[in-house]
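I wanted to work through this chain from its overall layout down to single contacts, and I kept notes as I went.

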Amino acid sequence: MVVMTTADMQHEETSGKTVTVTVDGEPVEVPKRTTPNAVLGLAGIDAGTHYLVRITGRHQHSFAGRGEEEIIVHERETFVSVSTGPTPTA
């Protein structure tokens, strides 16, 4: 008999599943368990020059400097990319 822990069951539920999120206004299909850098890559954005920010209502959660940290994303979540390069001046 195999006994699964709660963590095992949660992993079973989330591994292999994909969800559709929005990055910079565009729909992107990503694994439910992923990293901010992987989300950027799937959105066609260079993770070397950008970082990901999760938008939740009026709150913003930045993943700057934490691009390889595992995150769990949910269907219809909203993200934006932020460039780490110099800001152009007029």
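My entries follow, beginning with the whole chain and ending with one serine.

**Entry 1: overall layout**

I note at the outset that this is a predicted model. I counted two helices and seven strands in the chain, and reading from the N terminus I found the elements in the order α-β-β-β-α-β-β-β-β. I then looked up burial, and of the 90 residues 26% count as buried. The accessible surface comes to about 6,100 Å², and 53% of that surface belongs to carbon and sulfur atoms. For contacts between residues at least 6 apart in sequence, I found that 53% join residues at least 24 apart.

**Entry 2: the sheet**

I asked in what order the strands of the open sheet lie. Five strands form this sheet, in the order E2-E1-E7-E4-E5, and the pairing is mixed. E2 and E5 (59-62) stand at the edges with a single partner strand each, so one side of each has no neighbour in the sheet. On average, and with direction ignored, neighbouring strands are turned by 40° against each other.

I went through the pairings in turn. E1 and E2 run antiparallel and are joined by six bridges, and within this pair I found threonine 20 of E1 with glutamate 29 in E2 as its bridge partner. The hairpin of these two strands has two residues between them, and aspartate 24 takes a positive phi near 55° there. E1 also pairs with E7 (residues 78-83), this time in the parallel sense and over two bridges, and the bridge partner of valine 23 in E7 is phenylalanine 79. Toward the other edge, E4 (residues 50-56) and E5 pair in the antiparallel sense over four bridges, with threonine 56 standing opposite histidine 59 of E5.

**Entry 3: strand E1 and the core**

I checked which side chains of E1 are buried and which are not. They alternate: Val19, Val21 and Val23 point to one face and are buried, whereas Thr18, Thr20 and Thr22 point to the other face and are not buried.

I then turned to the largest nonpolar core, which has 13 residues, and noted that Val21, Val23, Val30, Leu52, Val73 and Phe79 touch the most other members. At least two residues of this core come from each of strand E1 (18-23), strand E2 (26-31) and helix H2 (36-42), and E1 gives the largest share, with three residues. For background I wrote down that nonpolar side chains tend to be buried together in soluble globular proteins.

I looked up valine 21 in more detail. Leaving out residues up to four places away in sequence, valine 21 touches Glu26, Pro27, Val28, Val30, Val73, His74, Glu77 and Phe79.

**Entry 4: salt bridges**

How many salt bridges does the structure hold? I found three.

One of them joins the side chains of arginine 33 and glutamate 70, at 3.2 Å from N to O. Arginine 33 lies in strand E3 (residues 33-34) and glutamate 70 in the loop between E5 and E6 (71-72), so this pair ties together parts that are 37 residues apart in sequence. Arginine 33 counts as partly exposed, because its relative accessibility is 27% and the partly exposed class runs between 20% and 50%.

Arginine 54 forms a salt bridge with glutamate 77, and the closest N and O atoms are 3.0 Å apart. Since arginine 54 lies in strand E4 and glutamate 77 in the loop between E6 and E7, the pair ties together parts 23 residues apart in sequence. I asked whether these two are buried or exposed, and found that arginine 54 and glutamate 77 are both buried.

Glutamate 69 meets arginine 66 in a salt bridge, with 2.9 Å between the closest N and O atoms. Here glutamate 69 is partly exposed at 34% relative accessibility, and arginine 66 is partly exposed at 31%.

**Entry 5: serine 62**

I ended with serine 62, which has its place in strand E5 and counts as partly exposed at 30% relative accessibility. Apart from its neighbours within four places in sequence, serine 62 is in contact with Tyr51, Leu52 and Val53. I also looked up serine 81, which is 19 residues from serine 62 along the chain, and the C-alpha atoms of the two are separated by 9.6 Å.

Technical notes
Residues numbered from 1 in each chain as written. Predicted model: local features only at pLDDT ≥ 70, side-chain atom pairs only at ≥ 80, totals over all residues. Heavy atoms only, no water. Buried < 20%, exposed > 50% of the residue type's maximum accessible area, 1.4 Å probe, protein only. Contact = heavy atoms within 4.5 Å. Areas by Shrake-Rupley, 256 points an atom, 1.4 Å probe, with all protein chains shown as cover. Core = buried A, V, L, I, M, F, W, Y, C linked by side-chain atoms within 4.5 Å. Pairing = 2+ DSSP bridges. Axes fitted to C-alpha atoms, helices over the stretch in contact; angles between N-to-C directions. Salt bridge = Lys/Arg side-chain N within 4 Å of Asp/Glu carboxyl O.
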